[in-house]
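Subject: Handover of a protein structure

Dear colleague,

Please find the structure below, together with its sequence. A summary of what was found follows, and I would be grateful if you would read it with the structure open beside you.

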Amino acid sequence: MLVHAIPTNVTYDFALDVRAGLTQPDQKELPSKYLYDDVGSALFEVISHLPEYGLTRADERLLRRHASEIVDRVAGPVSVAELGSGSGRKTRYLLEAFCRRQRTSYYPVEISHSALVMCERELSDIESISIVGFEREYLDGLLEVAAYRKPGHHLCVLFLGSTIGNFDRTAGIRFLSDVRNILKPGDSLLLGTDLEKPHSQLIRAYDDELGVTAAFNLNLLARANRELGSDFDLSKFVHTAKVNPEARSVEMHLESTCRQTVDIPASEIKVEFAAGETIWTESSHKYSADEIDGIARRAGFRCEVQWIDEQWPFAENLLIAE
Ligand code: AVI
C-alpha cells in the first residue's frame, strides 16, 4: 500500500487543546479525538467485542448482510474512500462486493498510522483491489482523494460506526455539508448511525462491567502524562457515563474524586479540580431512523435507502449527493 503522510505535530496540538479545554470557565472538556492513541485504539477494539456494546457488531452485520445490495445501488465505475477506516475489518464485505463488479481503488483516510498499516494487512488479499492510504484528518484526506478521481468515476465515501455521533448535531450537519462540497452530484455516502435505545442499555454500553470503557476514558489522562509530562493521578479520577436527554446523547466524563491540582508542563498550566468536578471527554449522539433523511437534505444529500439491524438499533444509510 502506498501511504501519503504529512508530518503533523500531534503533541503540540494536544498541548494546545488540553490548555483550551481545561481552562474553560464552566465545564472542563477534552476533544474525544485524543482518546485514540495506540493504547486507546486497542481498547476501543476490545470495547467493540463487549456484550454490552452492540454498535460495532450491528454495523458489521448490516454490511455483511447487505453488501451486494449496497453496491448495486452505487453508480459505477466507482472509487471508495473511507473516513476513519480503523482496522478495515468490517469494510471487507463491501470491498469484496465492489471488486466482484470491477477493479476498485480504496482510499482509507486515517490519522492513525498504525490503523492504516492494520487496514492494509487486513484487506490487501482482496482480488482486484488497489489501496492507497492517506494519513490525514478526514476532510483533508477526502480532498486529496477527490483530486485523484479518474474521469467518469463516481466516489463512494464510507463513514461507518456512527462516528458522526461524536459530533454535536449542528457540527455533524456542517461536517456532512463539507463532505458534500467535495463530492459531485450522483456520488454517494454510506453513513452508519446508532439509533436511540433505552437509557439503561446506553449506560451499560458506555460503562461496562469489566471496566474497559473506563480504561479507554482514563487513558486520556495517562496519554497526557506520557506526552505532556502532566501528573494526573489516575486513582483520583473515575469514569462516568450519563445520558443527556435534551441532546439525545450519552456523555463520558472523568470525575475528580477529591480537591486537587494537576500540573501540565507542556500546556503551561496548573489546573484546579474541585471534588466531584468533571472533564467531559466524549458525546455519542443517537438518532431516530426517521430524522436521517432531513439531516441528509440539509447537507445536500438525499437518503436513498436505509438498512436497520434487528438486534441492536443501528442504521446504515445510503445518501446520494444532489
Ligand atoms: C467511535 N465512536 C462511535 C464510539 C461511540 O460509541 O461513540 C466511541 C466509544 N466511546 C465509548 N465507547 C465507544
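Of the 322 residues of the protein, what percentage count as buried? The figure is 53%. Please bear in mind that this is a predicted model.

Overall form

The protein contains ten helices and 14 strands. Its radius of gyration is 20 Å, close to the 20 Å that the globule rule gives for 322 residues, so the protein is as compact as a globular protein of that length. The C-alpha trace spans about 60 × 45 × 35 Å along its principal axes. If one takes the contacts between residues at least 6 apart in sequence, 73% of them join residues at least 24 apart.

The sheet and its helix

An open sheet is built from four strands, with mixed pairing, in the order β2-β12-β9-β8. Its edges are β2 (28-29) and β8 (237-244), each of which pairs on one side only. Strands β9 (residues 249-256) and β12 (residues 278-285) are paired in the antiparallel sense over seven bridges. Within this part of the structure, you may locate Met-252, whose bridge partner in β12 is Glu-282. Helix α8, covering residues 199-206, lies across β8, β9 and β12 and runs at about 150° to β8.

Aromatic residues

A pair of aromatic rings is described by the distance of the centres and the angle of the planes. The count in this model comes to 16 aromatic pairs. One of them joins Tyr-36 and Phe-44: the ring centres are 6.0 Å apart and the planes stand at 80°, so this pair is edge-to-face. The cut-off for that label is an angle over 60 degrees.

Are these two residues buried, partly exposed or exposed? Tyr-36 counts as partly exposed because its relative accessibility is 31%, and Phe-44 is also partly exposed, with a relative accessible area of 28%. Both residues belong to one aromatic cluster, which they form with Tyr-53, Tyr-206 and Phe-216.

Charges over rings

Two further places deserve a look in the viewer. The charged end of Lys-28 sits over the ring of Phe-273, at 5.2 Å from the ring's centre. Arg-223 lies over the face of Phe-14, and here the distance to the ring centre is 4.8 Å.

Yours sincerely

Terms used. Residues are numbered from 1 along each chain as its sequence is written. This is a predicted model: local features need pLDDT of at least 70, side-chain atom pairs count only at pLDDT 80 or more; totals for chains, interfaces and linings use all residues. Side-chain values use heavy atoms; hydrogens and water are left out. Two strands pair if DSSP finds at least two bridges between them. Helices (H or I, at least four residues) and strands (E, at least two) are DSSP runs, numbered from the N terminus. Contact means heavy atoms within 4.5 Å. Axes are lines fitted to C-alpha atoms, for helices over the stretch in contact, and angles run from 0 to 180 degrees between N-to-C directions. Rings of Phe, Tyr and Trp (its six-membered ring) pair if their centres lie within 6.5 Å; planes under 30 degrees apart count as stacked, over 60 as edge-to-face and the rest as tilted. Buried means under 20% relative accessible area, exposed over 50%, partly exposed in between (1.4 Å probe, protein chains only). A charge sits over a ring if NZ of Lys or CZ of Arg is within 6 Å of the ring centre and within 35 degrees of the ring normal. The radius of gyration is taken over C-alpha atoms; the globule rule is 2.2 Å times the number of residues to the power 0.38.
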